[in-house]
Amino acid sequence: MLTDPGYLFVQFLNGLQFSMLLFLLSVGLSVTFGLMNFVNLAHGALYACGAFIGYSIAVWTGSFWAAFLLAPLAVCVIGAVLYGVLIRQVRSAGPLTQVLLTFGLIFIFLDAFRVIWGDLALGVSAPTLLATNIHIFGQTYPLYRLFLIALGLAVYLILWLALERTNIGAMVRASVDNAEMASCLGVNVERLFFAVFCTGCLLAGLAGVAAAPIFSVYPGMDLEILIPTLIVVVIGGLGSLKGAIVGSLLIGMLQTFGQVLIPQLAGSLSYILLGATLILRPEGLFPARAH
Amino acid sequence: MLEISGLHTGYGEKRVLHGVDLTVGEGEVVTLLGRNGAGKTTTLKAVMSLLPAMEGEIRFDGRPLKKVKTYDLSALGLSFVPENRGIFPSLSVRENLELTRSTRREVADGWTMERVFEFFPRLRERLDNGGSQLSGGEQQMLAIARGLLLNPKLLILDEPTEGLAPIVVKQIHERLMELKKAGLSILLVEQNFGFATTLADRAFVLGRGEIQWSGPSGDLRGESEIQHRWLGV
């Protein structure tokens, strides 16, 4: 089976699809971290929010596409409220306070999910348009997963254009480099941070609703994805789009092929890579802040 | 134009400045001199609202800056070129310059990219280089050019000659002299005594967090006691 090219290709696609999910989650986390040294551990909870809210919208409207469009916006609004009510207060309070606050939020969200949606895993079906299999190398593969890969690549392209080809993108990169200098040149770094934070929440929500048809929706789904996402951020390097995509591909492929090729080690492979990165390149592969 | 009166500030509990008084008039070049650690950069940081004034007041064009945020100062006409030059390494030379497009003070007959390239021709050749690929002198030119594109009323420079070769220092001196002739107000912090006193109209000597001497820079060149005691010249 392991020498069957069709089977390996399917695993490659699975790895790519998982990588794209990790990318959608890690990019917002990485850029907010790079911009303001702010770590939001509740980022995974926002991903779960996207999945749960998407589930409800899909049930009410009967349309996956309505959920796909509205759930990320709802998560973006939740993120903006969290920012206004809580996060803004601890912006200058140091990492310990920020970690405790956002760690606490994980449990508040977890209980909120249980109260509103219950403990059981919920299923969301893929939209009819994409709920079909295609044939590659004699294997069947769900079209929806290919859609997820395309979605990740499209988001990467849009973010790349926004960051590299617009004045606001240049302001974000400048602020990651040296926030004090950027503000001396008239950049309102706090407002920029808010915009980036909300975009990160939007993408987390998008990841959640997009993942719902593949994984089921249940309380605790956020913790499962949070750890690999944080590993991606550390390996890729803080604050960089390139770091987020490369880190996501590394972890996504490593986890997928690890489970196939060396299942005994699969659980530890990401951590081994994390440890090796921290020893050899403590700042990650592509840190945005050059030294 | 800029009036600093009785300024006390510092980092956390530690006070660095104990009542600094300093003024820069319209079209005037003023230098702030002092040894390492005297509080020169701290004074500039307070002006740029990067450090809060614990006591005392800073006014610009008569307007108190206490509640003004750093990012609003460029629109008021303050432009700051910091000690390490503050070039963004992730941005190209062009992007470093264009960053000021939406934040600068709008004036008729202001600085344009074209004028900046006439002023520092070297930058035109380096336009598509990354900010981190420039030599120290080029970085300093870029930092000053970027500061000028904000169309400032007052240009604040923190040790523009630090670490530069004598020939580059001479070029920077010529350029700043030209800005002075054009009527731009400049507040210059320097360790290079000759550079600063030949450029500035007035000088302030900072020591132990207070102004120890002030007067026309020509007079300071004759004050060997002050120079020896507070500047180590």
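**Exercise 1. Two spans in chain A**

Find how far apart the end C-alpha atoms of residues 93-110 of chain A lie, and what share of the span is helix.

*Solution.* Start with the ends: the C-alpha atoms lie 25 Å apart. Next, the fold: the span is 89% helix and 0% strand. This is a predicted model. Now take residues 143-163 of chain A. Their end C-alpha atoms are 30 Å apart. Here the chain is 100% helix and 0% strand. Last, check the record. UniProt, in an unreviewed entry, lists "transmembrane region" at several places in chain A, including residues 93-110 and 143-163.

**Exercise 2. The cavity**

Work out which residues line the largest cavity, and how they divide into nonpolar, polar and charged.

*Solution.* First, search the whole structure: one cavity of 30 Å³ or more turns up. The largest cavity holds about 40 Å³ of space. Then list its lining: A:Thr32, A:Phe38, A:Asn40, A:His43, A:Phe197, A:Gly200 and A:Cys201. Sort them: three are nonpolar, four are polar and none is charged. Finally, ask about origin. Helix α8 (residues 189-211) of chain A gives the largest share, three residues.

**Exercise 3. A surface patch**

Name the residues that form a nonpolar patch on the surface, and give their accessible area together.

*Solution.* The members are A:Val77, A:Val81, A:Val85 and A:Leu86. Together they have about 330 Å² of accessible area. Now place one of them: A:Val77 sits in helix α3 (residues 64-85) of chain A.

Notes: Residues are numbered from 1 along each chain as its sequence is written. Chains are lettered from A and ligands numbered from 1 in the order in which they are written. This is a predicted model: local features need pLDDT of at least 70, side-chain atom pairs count only at pLDDT 80 or more; totals for chains, interfaces and linings use all residues. Side-chain values use heavy atoms; hydrogens and water are left out. Patches are made of residues with over 30% relative accessible area and no salt bridge: like charges are joined within 9 Å, nonpolar side chains (Val, Leu, Ile, Met, Phe, Trp, Tyr) within 5 Å. Accessible areas come from the Shrake-Rupley method with a 1.4 Å probe; for residues, only the protein chains shown count as cover. A salt bridge is a side-chain nitrogen of Lys or Arg within 4 Å of a carboxyl oxygen of Asp or Glu. Helices (H or I, at least four residues) and strands (E, at least two) are DSSP runs, numbered from the N terminus. On a 1 Å grid over the protein atoms alone, a cavity is a set of points where a 1.4 Å probe fits but cannot get out, and a pocket is an open set with protein on both sides within 12 Å along at least five of seven lines; lining residues have an atom within 4 Å of a point. Grid points are joined across faces, edges and corners, and a volume is the space filled by probe spheres set on the points. Ala, Val, Leu, Ile, Met, Phe, Trp, Tyr, Cys and Pro count as nonpolar, Asp, Glu, Lys and Arg as charged, and the others, Gly among them, as polar. UniProt positions are given in the numbering used here, feature names are shortened, and annotations may be inferred rather than shown by experiment.
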